[in-house]
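The following exercises ask you to read a protein model step by step. Please attempt each task before you study its solution.

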Amino acid sequence: MLKAGVLGAGHLGKIHLKLLHQSEKYELVGFFDANKEASAAIESELGYKSFPSMEALINACDIVDVVTPTVYHFECAKQVIEAGKHLFIEKPITHTVAEAEELLNLAEKHGVQGQVGHVERFNPAFRAVHDKIDNPMFIEAHRLAEFNPRGTDVSVVLDLMIHDIDAILSVVDSKVKHINASGVSVISETPDIANARIEFENGCVANLTASRISLKKMRKARFFQRDAYISVDFLEKKCEVVKMKDAPEDADDFAMVLTNAEGIKKQIYFDNPKIDVNNAILDELETFADAINHDTTPIVTLAQGTEALRVAMQIISNFKKI
């Protein structure tokens, strides 16, 4: 069992503490949070050990889970890596791309593993279809949330849209060619609603919309590729695959057959892949333990987290041109 500690014991930090405590792959040694009153309350009520300093926690661990506000990610992660400890860090990886790149170099220098908490990669609906998404050429994603003051210290792109950016980058095997984007601040000082059109070098186009001022929640993505349409509902944890194949000569009366302008007949098939119910946060933490123990590549590497941040920052920079 790997000795694990958590830096930051806010809303998400407490969830990570609970799951690390439950996991059979970790021994939770405790946490550090700069808020002394909150730390004392957590230690008293939940029984997790509060460390007197960040350095004391890091020294007691094999892996440190950084769940602080984003602005503190870099300094915390840097100390973790320089101490030779493995790093799990919440998304976005850092506040700036330059900071993320420095963490990449430090992790390689000190020979430690790192994983970024892009939890939608572990969403059971996305996992069920991930291998079926093959060379998509058009992608549409909508991520809508009701207003919550927590998280409004950053743009909706870094708060919400970055989930879909990372998921899309994981299935499109091509570099980003061009980005158009617009964002509007309604309640916060940073944009609350945003739309981005990402064009890739291979011709794929992804259209992303994110809002944190919606009246209803929605987290959906649709992937269109040759002879297939794949939909993922991240919120309801549902997915659907619609495939088109050349229609047989003797298609039965109930078969759905389409004929295109060239007279080619295609039959439509519906596939509902098996979805294995899971706890996505627990899965991301435990697969990281597996990567450390077996010296394999984590599912969401620091490099991938950096690339998702890079695209997100390009989207945000487009806002400023408007």
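**Exercise 1.** Determine which residues E82 contacts, leaving aside its neighbours within four places in sequence.

*Solution.* Step 1: apply the criterion, by which contact means heavy atoms within 4.5 Å. Step 2: with neighbours within four places in sequence left aside, E82 is in contact with L106 and H110. Step 3: place the residue; E82 is found in helix α4, residues 73–82 (helices are DSSP runs of H or I with at least four residues, strands are runs of E with at least two, and both are numbered from the N terminus). Step 4: E82 counts as partly exposed because its relative accessibility is 43% (buried means under 20% relative accessible area, exposed over 50%, and partly exposed in between, with a 1.4 Å probe and protein chains only). Step 5: the C-alpha atoms of E82 and E201 are separated by 37 Å, and these residues are 119 apart along the chain.

Two remarks apply throughout. This is a predicted model, in which local features need pLDDT of at least 70 and side-chain atom pairs count only at pLDDT 80 or more, while totals for chains, interfaces and linings use all residues. Residues are numbered from 1 along each chain as its sequence is written, and side-chain values use heavy atoms, with hydrogens and water left out.

**Exercise 2.** Describe how helix α5 and helix α9 pack.

*Solution.* Step 1: recall that two packed helices are described by the angle between their axes and the distance between the axes. Step 2: helix α5 (residues 97–110) and helix α9 (residues 302–319) pack at an angle of about 170 degrees, with their axes 9 Å apart (axes are lines fitted to C-alpha atoms, for helices over the stretch in contact, and angles run from 0 to 180 degrees between N-to-C directions). Step 3: α5 is therefore roughly antiparallel to α9 (angles under 35 degrees count as roughly parallel, over 145 as roughly antiparallel, 65 to 115 as roughly perpendicular and the rest as oblique). Step 4: α5 contributes V97, A100, E101, L104 and A107 to the contact, and α9 contributes L302, A303, T306, L309, R310 and M313.

**Exercise 3.** Identify the salt bridge of R219 with E120 and place both partners.

*Solution.* Step 1: side chains of opposite charge can pair when their charged atoms come close. Step 2: the closest N and O atoms of R219 and E120 are 3.2 Å apart, and the two residues form a salt bridge (a side-chain nitrogen of Lys or Arg within 4 Å of a carboxyl oxygen of Asp or Glu). Step 3: the pair links distant parts of the chain, with R219 in strand β10 and E120 in the loop between β5 (114–117) and α6 (124–129), 99 residues apart. Step 4: R219 is partly exposed at 25% relative accessibility, whereas E120 is buried at 6%. Step 5: E120, R143, D164 and R219 are linked in a network of salt bridges. The whole structure holds 14 salt bridges.

**Exercise 4.** Examine the surroundings of D233: which side chain of opposite charge is nearest?

*Solution.* Step 1: D233 is found in strand β11, residues 228–233. Step 2: K220 is the nearest side chain of opposite charge, at 4.2 Å; D233 is buried yet has no salt bridge (Lys and Arg count as positive, Asp and Glu as negative, and His and the chain ends are not counted). Step 3: a polar atom of the D233 side chain lies 3.1 Å from the backbone nitrogen of L235 and one lies 2.8 Å from the backbone nitrogen of E236. Step 4: beyond neighbours within four places in sequence, D233 is in contact with A125, R219, K220 and K238.

**Exercise 5.** Find unusual backbone features at P92, D227 and K237.

*Solution.* Step 1: most residues other than glycine have a negative phi, and most peptide bonds are trans. Step 2: the peptide bond from K91 to P92 is cis, with omega near -15 degrees, and P92 is in the loop between β4 (86–90) and α5. Step 3: D227, although not a glycine, has a positive phi of about 65 degrees; D227 is in the loop between β10 (218–225) and β11. Step 4: K237, also not a glycine, has a positive phi of about 60 degrees and lies in the loop between β11 and β12 (238–246).

Note on methods. Polar contact = N/O pair within 3.5 Å; in protein donor to acceptor, adjacent residues only side chain to side chain.
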